[in-house]
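Open the model in your viewer and keep the selection box handy. We will go stop by stop.

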Amino acid sequence: MKEQIFLLSIATLFFLSGCAPEESAVADIQMKSNEELSVMTDSFTREDFYNTLSHVMEEADRFEAEGDLKKWIIRTISEEALYYADDLTEEEIIEISKARLTEDQVWKEIAETKYGVTVSEEELNEYIDNVTQSFESPLQQAYADILGLTVEQLNHGFDMDVYEKNLLWEKLRPKLEKAYGTTDNNKLVEKYNEEVSEGSR
């Protein structure tokens with residue numbers, strides 16, 4: 001379960017359920033085969049993952065971007081290296097990263113303004129500690145290495161927004177169940193993503 005959390009975070013597929021927006025910016029990109037992905041997740045060492053991701057920061061630095069957009073560019077390039085069969089152009093990297101940044105902002109704004117769902121810094125830090133306690137995967141270690149961070153700095157800094165979204169979803173879901181009259185997680189995801197898609201236009 002904890003391995004899944006990190007794999008989803010680095011792939012920027014945020015929820016523990018593995019959901020992603022229906023009209024995702026990466027919908028038409030060819031993914032690596034299940035066999036390739038299985039080999040990677042089952043047998044890759046920290047060094048293997050590091051070698052796979054070693055170019056990420058150099059490539060990300062070529063873009064004139066800072067702050068949150070730079071973070072999303074790093075994530076998009078990392079996801080490309082790990083999961084995509086297709087190579088992305090610089091234009092695609094920018095397009096995907098900007099779309100995901102906007103989507104993330106709208107997702108959280110709707111949760112707060114329409115449903116009154118927020119998390120405090122104390123809640124979030126406690127949540128991160130709970131889900132990452134005594135857990136460091138080779139991928140997580142390598143990802144922290146290429147960012148020049150410790151795993152703790154990765155979790156409580158760079159990827160804090162990913163964990164925030166996971167926690168927000170836990171608190172948001174009961175409200176969505178009431179609003180949509182269903183407990184089906186896939187339907188809840190679909191309905192909420194429709195709201196986010198509308199808000200992102």
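At what angle do α10 and helix α11 pack, and how far apart are their axes? Select residues 185-200 for α11 and residues 160-180 for α10. The two pack at an angle of about 90 degrees, and their axes are 10 Å apart. That makes α10 roughly perpendicular to α11, because angles of 65 to 115 degrees fall in that class (under 35 is roughly parallel, over 145 roughly antiparallel, the rest oblique). Axes here are lines fitted to C-alpha atoms, for helices over the stretch in contact, with angles from 0 to 180 degrees between N-to-C directions. Helices are DSSP runs (H or I, at least four residues), numbered from the N terminus.

This is a predicted model: local features need pLDDT of at least 70, side-chain atom pairs need 80 or more, and totals for chains, interfaces and linings use all residues. Residues are numbered from 1 along each chain as its sequence is written, and side-chain values use heavy atoms, without hydrogens and water.

Stay on α10 and show side chains. W169, L172, R173, L176, E177 and Y180 make the contact from α10 (heavy atoms within 4.5 Å). From α11 come N185, L188, V189, K191, Y192 and E195. By class, the contact of α10 with α11 has seven nonpolar, one polar and four charged residues. Tyr and Trp count as nonpolar here.

**Next: the aromatic rings**

Select W107, Y115, W169 and Y192. They form one aromatic cluster. The whole structure holds six aromatic pairs (ring centres within 6.5 Å, using the six-membered ring of Trp). In W107 and W169, the ring centres are 6.3 Å apart and the planes lie at 45 degrees, so this pair is tilted (under 30 degrees is stacked, over 60 edge-to-face). W107 lies in helix α6 (residues 90-113) and W169 in α10, so the pair ties together parts 62 residues apart in sequence. Both W107 and W169 are buried (under 20% relative accessible area, 1.4 Å probe, protein chains only).

**Next: A99**

Stay in α6 and pick A99. At 35% relative accessibility, A99 counts as partly exposed (between the buried limit and exposed, over 50%). Its C-alpha atom is 9.9 Å from that of L69, 30 residues away along the chain.

**Last: α3 and α5**

Select residues 46-53 (α3) and 67-83 (α5). Their axes come within 9 Å and cross at roughly 120 degrees. That makes α3 oblique to α5. Zoom in on F49, T52 and L53 of α3, which meet S78, A81 and L82 of α5. This contact has four nonpolar, two polar and no charged residues.
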